[in-house]
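This report describes how two chains are arranged and how they meet. Please keep the sequence and the structure in view while reading.

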2 protein chains.
Amino acid sequence: MSPQQVHTVAEAAKNAARALAGVPTERRNAAIRMAAELIGQSRDQLLEANVCDLAAAQLMIDQGQLIPSTLDRLRLDEKKIAEMMQAMLAVAELPDPIGRVSQRTELDAGLVLERIICPLGVLAIIFEARPDAVTQISALGLKSANAVILKAGREVEQTAAALVKIIQQALGKAGLPVDAVTLVAGREVVHQLLAMNDLIDMVIPRGSRQLVEFVKANTRIPVLGHAEGICHVYVDKAAKLDMAKTIVLNAKMRRTGVCGAAETLLVDRAAASTHLKPLVTMLLDAGCEVRGDETMRAIDQRVKPASEQDWSTEYLDAIISAKVVDGVDGAIRHIERFGSHHTDSIVTEDQATAEKFLNEIDSAIVLHNASTQFADGGEFGFGAEIGIATGRFHARGPVGVEQLTSFKYRVRGAGQIRP
Amino acid sequence: MSPQQVHTVAEAAKNAARALAGVPTERRNAAIRMAAELIGQSRDQLLEANVCDLAAAQLMIDQGQLIPSTLDRLRLDEKKIAEMMQAMLAVAELPDPIGRVSQRTELDAGLVLERIICPLGVLAIIFEARPDAVTQISALGLKSANAVILKAGREVEQTAAALVKIIQQALGKAGLPVDAVTLVAGREVVHQLLAMNDLIDMVIPRGSRQLVEFVKANTRIPVLGHAEGICHVYVDKAAKLDMAKTIVLNAKMRRTGVCGAAETLLVDRAAASTHLKPLVTMLLDAGCEVRGDETMRAIDQRVKPASEQDWSTEYLDAIISAKVVDGVDGAIRHIERFGSHHTDSIVTEDQATAEKFLNEIDSAIVLHNASTQFADGGEFGFGAEIGIATGRFHARGPVGVEQLTSFKYRVRGAGQIRP
């Protein structure tokens, strides 16, 4: 795409956003439902486009340009299409975030201030591999009355183009501006998108840590997202061993590829003699590689040596780093130094220790006696999430429709002037 | 200051912020009150420092390096010191924004999610001329449990240093970390501050449009602020002339130097024959310069010709640009093109027209039948404001203590794992 074309797309998106802001809930929901329906009717077309992407991806894998696991994330089938449709329909059912009055004050007799929720404007989403990013983000965008510009990785371009075409048909049928959801193509357009702070209001990178870091380093547009989820479980001396085992196993092994999966196990030195061996043995027996220092390796010879790098590594795999720390203070220091402000959990029966951990750990999500794998917008009751934010600005934790909004102040008077 | 010294200050601020987050309300309020009290006891010292700044500023003015009006903003006297103290005491009285649970959901039996308000961390404030920026921002920072790094313009450096020294004494006496409020000096430190995105969480520029634009263009740290307040009053055909006159006069002339002052008057073509001349004559008679096109000049020969530049100029003076537009749609188009998303007002008796304006104008504050000069955190009941934000991210409109906070999610369970 030429720079001029990309600029035209962004301007059209801005205009669409302006129009969308005035479209009532029912019509935005109707467009989402229509898109889901058309996707269901276009299975063959979608699978065909996906086959092209898969074939091209296989070539890239053969040439070492893509990792083999990309195929799994890229592949569409009947089940995945049905899931995409269901997820869109679920978004249509969510309460409308737009137009809600979140604050109301009478400033003076007959002079009323209201704070009203409104859309952000234009969202640019830069994503890799997963076709369901298109449907999910388009649905959340329409729900929050924001226009969406999608930039798909080249490995998913054909599938993304087929999906966007269908969504645009639905927009047309529902009488909404078709430019509310658009696709731009080509690696070279990313820099241009990131520079358009006059037209784009938010950038959401979805993909590898490298992608997120690249986006954050190259734009002045606000970015919602997180580069890494280095999540910790700290097992305190006052932890029940059974509960600790259940939580650690779930936090690490339920799904190893999600951002809320635990990557480091911290065990209180005061509990090392009782809790450490059972926890490490359980993980090893469950097929999890454990990396630790000499103390840790003395417990079980299957433990591999950990390097300094391990404490700041997001494995996204059946691997965990493990360490003995000096109580909750030691755990807090370790997490502060190596964590990524995403999700961290403490297992303890001591309320005061738990409160200290919940207060002092500076992460989007902190848990007491629960698995880090709860870190998810769906679990939080947000209906759907676009990702998890680890910054402290605007949104933090799961990003759902509420986080895709802004607000403005409306003042209605009867001729009042300021004295 | 050397780069190393600035880095040391920022690291100390980060540590202070961490400690502050755990300090209860009463102790933070006590520190604010103590600072106000010590300022009252240190009048002579403050006036002495201020005299040095004034003398240096006079020299710079003589050399054409500063504009003469700087002296007014820079000058301290008994009255201004009393006002600074009062403003600090008022901040101490505000409700504490920190620790409030803004959302609570039971995710599962015995698994409770809470969204809890917490501080942002370290705020860097880059300001010019006004000594009261120091006291106001330090008070708001302490109130919201954020550490504050102040970078004062060189014209106010002696006064700022004297104030920060007193505030640090108060912090010490109240048992709070003295690095919660620090001052850095020298024009060369600005670039370094703006690059410290690992230590600084928010930048607030307070001063000229040039300063704000420079800050926005040179940092990836979130910036709260606005470069310009190009505020409009649109007088619709359905406006009562008397109300329009009252509002226009107040919006422009109550105080011409505030960001909520009107800079452009838009009059509906359908009301031009009845409303235009009285409005323009009133402004001219009140000593306001009016700039407009030939049509406008035909009304009164005192009207000066407007150039294209006038529509995007924030005069901050007794000058207004005036234009006839084609109804509310013409007004919306004009404001969209030339406005700064700050504050805009419509005068009309027609509810539907008013709603259209309130919905479609994309500004932080939109008003119906009220003066733009209401754009103020104090007027909005926020107690005190650090400025007005025109972005759509995180904060919009007046920035008070609520906008200086973030949140995190706490989950308390009894051993729950995710299925």
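## Symmetry of the two copies

Which residue of chain B comes closest to the rotation axis? H394(B) does, with its C-alpha at 2.0 Å. This is a predicted model, in which local features need pLDDT of at least 70, side-chain atom pairs count only at pLDDT 80 or more, and totals for chains, interfaces and linings use all residues. Residues are numbered from 1 along each chain as its sequence is written, while chains are lettered from A and ligands numbered from 1 in the order in which they are written.

A turn of 180° and a shift of 0.0 Å along the axis lay chain B on chain A with an RMSD of 0.1 Å (least-squares superposition on the C-alpha atoms of residues with pLDDT of at least 70 in both copies). The two copies are therefore related as by a two-fold rotation axis. The same surface serves both, since 100% of the contact residues of chain B recur in chain A. Two residues are in contact if their C-beta atoms, placed from the backbone, lie within 7 Å.

## The interface

Chain A and chain B each give 49 residues to the contact. On the side of chain B that touches chain A, β16(B) provides the largest share, eleven residues. Helices (H or I, at least four residues) and strands (E, at least two) are DSSP runs, numbered from the N terminus. By class, this side of chain B has 21 nonpolar, 18 polar and ten charged residues. Here Ala, Val, Leu, Ile, Met, Phe, Trp, Tyr, Cys and Pro count as nonpolar, Asp, Glu, Lys and Arg as charged, and the others, Gly among them, as polar.

## A sheet across both chains

Ten strands form an open sheet of mixed pairing, in the order β1(A)-β2(A)-β16(A)-β13(B)-β12(B)-β7(B)-β8(B)-β11(B)-β9(B)-β10(B). Two strands pair if DSSP finds at least two bridges between them. β1 of chain A and β10 of chain B stand at the edges, each with a single partner strand, so one side of each has no neighbour in the sheet.

Strand β16 of chain A (residues 405–416) pairs with β13(B) in the parallel sense over five bridges. There, Y409(A) has I365(B) as its bridge partner. Within chain B, strands β8 (residues 262–268) and β11 (residues 319–325) also pair in the parallel sense over five bridges, and T264(B) stands opposite S321(B) in β11(B).
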